[in-house]
Amino acid sequence: MRLATWNVNSLSVRLPQVLEWLAANPVDVLGLQELKLTDDKFPHEALAEAGYQAVAFGQKTYNGVALLSRGELKDVVRANPQFADEQSRIIAGTVASPAGDIRVINCYFVNGQEPGSDKFAYKLRWLTGLEAYVKAEMALHPRLVLVGDFNVAPEDRDSYDPDGLRDTIHHTKEERDAFQGLLALGLTDAYRLFEQPEKSYSWWDYRMLGFQKNRGLRIDHILVSEALKGSVSACTIDRAPRKNKQPSDHAPVVVTLG
């Protein structure tokens, strides 16, 4: 079974690329972030033709998340019931697998803009709320996967310039502590279960030839619970879509279970 996460930075713009990627990479579940469209404009029909059921939690202009699945999505929950939020950032659902049901939580984490700002304070509150929600979900669903654009580079090796960017957004101690708080619940960073190429990133700025110069960050993650950790056989970042014409600034991350 393969699950993936991808911040598409506008599904209306990137839908042809998503469909092309799914045709070449028929994952079982795909979490999308930053849809930038409302639910009434979500392309259910096009995705159904590609073999995917989808549930969405959209928002005009900003945010928005969705889960795409080749099988039935059950017990879908939109938003964090433990954190009042006007922004569409979390959607969860349960999917069947040969070894049992898997709970998938797909999140578009708050960016935070810059340390000390109101948006950064909101990010820290949001992260605290997320930890409480994930803890509660794990108590109900031991087989759980948390995917999404975390907007956190958890370690120095996840940044192209860890010293120059230290204590800036995505690199602060507070954000990294929050990431460690999620791991402390019993989750594992699937990508780090394997030896990976140096300077492996999932996001590159559109400006200043960020992708061409590999000036990137690894901020898109897949965390797996202890019950699933032993079945993880691969986790990769697919850089190919970042080479597309008019690409998202993020690349998909894919985990293989079993």
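**Exercise 1.** Which residue forms a salt bridge with Arg218, the closest N and O atoms being 2.7 Å apart, in the pair that links distant parts of the chain 60 residues apart?

*Before you start.* This is a predicted model, in which local features need pLDDT of at least 70 and side-chain atom pairs count only at pLDDT 80 or more, while totals for chains, interfaces and linings use all residues. Residues are numbered from 1 along each chain as its sequence is written, and side-chain values use heavy atoms, with hydrogens and water left out.

*Solution.*
Step 1. Recall the rule: a salt bridge is a side-chain nitrogen of Lys or Arg within 4 Å of a carboxyl oxygen of Asp or Glu.
Step 2. Go to Arg218; the partner is Asp158, with 2.7 Å between the closest N and O atoms.
Step 3. Place both in the chain: Arg218 lies in the loop between strand 11 (216-217) and strand 12 (220-225), and Asp158 in the loop between strand 8 (144-149) and helix 4 (173-184). Here helices (H or I, at least four residues) and strands (E, at least two) are DSSP runs, numbered from the N terminus.

**Exercise 2.** Find a salt bridge between Arg218 and a residue of strand 9, and decide whether its two residues are buried or exposed.

*Solution.*
Step 1. Asp189 and Arg218 meet through their side chains in a salt bridge (2.7 Å, N to O).
Step 2. Asp189 sits in strand 9 (residues 187-189), 29 residues apart from Arg218.
Step 3. Apply the cut-offs: buried means under 20% relative accessible area, exposed over 50%, partly exposed in between (1.4 Å probe, protein chains only).
Step 4. Both Asp189 and Arg218 are buried; for Arg218 the relative accessible area is 1%.

**Exercise 3.** Classify the two residues of the Glu155 and Arg157 salt bridge by accessibility.

*Solution.*
Step 1. The closest N and O atoms of this pair are 3.2 Å apart.
Step 2. Glu155 has 31% relative accessibility, so it counts as partly exposed.
Step 3. Arg157, at 47%, also counts as partly exposed.

**Exercise 4.** Why is one side of strand 3 and of strand 13 left without a neighbour in the sheet?

*Solution.*
Step 1. Write down the strand order of the open sheet: 3-4-2-1-14-13, six strands with mixed pairing. Two strands pair if DSSP finds at least two bridges between them.
Step 2. Strand 3 (53-57) and strand 13 (232-237) stand at the edges, and each has a single partner strand, so one side of each stays free of a neighbour.
Step 3. Check one edge: strand 3 pairs with strand 4 (residues 65-69) in the antiparallel sense over five bridges.
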